[in-house]
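Colleague: I am new to this structure and should like to understand the terms applied to it. May I put some questions to you, with the structure before us?

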Amino acid sequence: MRQAGKLSLSYEAEVQAWSSIDFSLSYIVSLTDIVGGVLLQSPFLRDFDEREIFCLYLYPGKSQDRKVFRKNVVFIVDISGSMKGSPLESTKNALIASLSHLNAQDTFNIIAFNGEFYSFSGLMEPATVEKLLSATKWVEATFIANGGTNILNPLTQAMKLFQNSTASDSIPLIFLVTDGTVENERQICNFVKSCPTNGQPVRTPRLCTLGIGLYCNHYFLQMLAQLGRGHYDAAYDLDSISFRMQRLFRTASSVIVSDITLGGLGLDSVELFPPYIPDLSLESPLMISGRCNGTFPESVKVTGTLADMTKFEVDLEVQREKDIQLTNILAKRHMDLVTSQAWLLESAELVEKVCIL
């Protein structure tokens, strides 16, 4: 169905047998400019939450010439005994592939950990051909699965690597890959939460997490990514490790707009999902949803910082959505975010909220 400013598609098919294979939806955005909008909807009669629900989205467009932020990247990789075999081999191959996408002006480091941690270098290294070749050889020699799991020490070391960074046109990135659980997970979350931001969101390290398999605490890893203003993904199927890790890296490392803020809302109260505003990447649309009280404006001003350090600004038109029930579309997203918060805070109130969602 095609309407003014809207294209709707529907598809029905008889399912012969259910499958655990992921459903994939692909699309192409033909516009070169960054565009977006805001969908707003009043609560339905049986909605437990009487606040209005909204969904703000930004599409990066298809311009591959758009400048991206320089990257300062630290990979933290689990080499404990449980990673032996296919998990570690797939992770190693994905890491080496990700290194090949770094540019000469980027910097990087690698930390492997089990009960101890082992650093490729004591400082951030330039992503030159020579250094990347040395890193590849180091990975081949160091990534041997054995021992236990200690996440806090290597994460602390990674944060220290960024303490002397003053470049405002670069994004500090940490990629944590693990298949395990540890006893001090809440301590780790509180450590990330308390890390200084150097006064500027652009310089705040983005912490991205990838959980491998069924036995790691995915709520912990999702909460860690929330607190670290980064992205989370899971590879439940061992065959998907390489694909998901490289996709996570591409998304987080192709930032074109950072330090994004929403202006002119003038609402009585607002709850955002996620509670922080992510960066806009060439590889992925940005979507922020939430609940609010008060009179929603007719347009929302979105501002941020482009990779050339100039100001980004766009006014997004607010549209009342009547055809699609936003609560159904956003339910899984909201449940995952609130569940991870309930785990961290051990809050019975949030657990009840998840059940209602």
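**Salt bridges, burial and domains**

Modeller: Asp 233 and Arg 244 form a salt bridge, their closest N and O atoms being 3.1 Å apart. Asp 233 belongs to strand 11 (residues 232-235) and Arg 244 to helix 6 (residues 241-253), so the pair ties together parts that are 11 residues apart in sequence. The model is a predicted one, in which local features need pLDDT of at least 70 and side-chain atom pairs count only at pLDDT 80 or more, while totals for chains, interfaces and linings use all residues. Residues are numbered from 1 along each chain as its sequence is written, and side-chain values use heavy atoms, with hydrogens and water left out.

Colleague: Why is the pair of Asp 233 and Arg 244 called a salt bridge?

Modeller: The term requires a side-chain nitrogen of Lys or Arg within 4 Å of a carboxyl oxygen of Asp or Glu. The N and O atoms of this pair are 3.1 Å apart, so the rule is met. Helices (H or I, at least four residues) and strands (E, at least two) are DSSP runs, numbered from the N terminus.

Colleague: Are Asp 233 and Arg 244 buried or exposed, and how do you know?

Modeller: Buried means under 20% relative accessible area, exposed over 50%, and partly exposed in between (1.4 Å probe, protein chains only). Asp 233 has 12%, so Asp 233 is buried. Arg 244 has 14% and therefore counts as buried too.

Colleague: Which parts of the chain does the salt bridge of Lys 92 and Glu 140 tie together?

Modeller: The closest N and O atoms of Lys 92 and Glu 140 are 3.2 Å apart. Lys 92 lies in helix 1 (residues 86-99) and Glu 140 in helix 2 (residues 129-142), so this salt bridge ties together parts 48 residues apart in sequence. Lys 92 counts as buried at 7% relative accessibility, whereas Glu 140, at 44%, is partly exposed.

Colleague: What makes Arg 186 and Glu 346 a salt bridge?

Modeller: Their side chains meet at 3.8 Å, N to O, so the pair satisfies the rule. The pair links distant parts of the chain, 160 residues apart: Arg 186 is in helix 4 (residues 185-194), and Glu 346 is in the loop between helix 7 and helix 8 (348-356). Arg 186 is partly exposed at 29%, and Glu 346 is exposed at 61%.

Colleague: How many salt bridges does a search of the whole structure find?

Modeller: The search finds 18. Asp 49, Arg 51, Glu 271, Arg 291 and Lys 353 are linked in a network of salt bridges.

Colleague: How many disulfides are there, and why is Cys 216 not in one?

Modeller: The whole structure contains 0 disulfides. A disulfide is a pair of cysteine sulfur atoms within 2.5 Å. The closest cysteine sulfur to that of Cys 216 is in Cys 189, 13 Å away, which is too far for a bond. Cys 189 is buried at 0% relative accessibility, and Cys 216 is buried at 5%.

Colleague: Which domains does the assignment give?

Modeller: The assignment gives domain 1 (35-65 + 257-356) and domain 2 (70-253); such bounds come from an automatic or database domain assignment. The contact between them (heavy atoms within 4.5 Å) takes 19 residues from domain 1 and 21 residues from domain 2. The C-alpha centres of the two domains lie 27 Å apart.

Colleague: What area is buried between domain 1 and domain 2?

Modeller: Buried area is the accessible area (1.4 Å probe) that two parts lose on being put together, summed over both. Here the value is about 1,900 Å², of which carbon and sulfur atoms give 60%. In domain 1, Tyr 276, Trp 343 and Leu 344 lose the most area to domain 2, together 37% of what that side buries.

Colleague: How many salt bridges does the rule find across this interface?

Modeller: The rule finds 3 across the interface of domain 1 and domain 2.

Colleague: Where does Asn 217 lie, and why is Asn 217 called buried?

Modeller: Asn 217 lies in the loop between strand 10 (206-212) and helix 5 (218-227). Its relative accessible area is 14%, so Asn 217 is buried. Leaving aside neighbours within four places in sequence, Asn 217 is in contact with Gly 180, Thr 181, Glu 185 and Trp 343.
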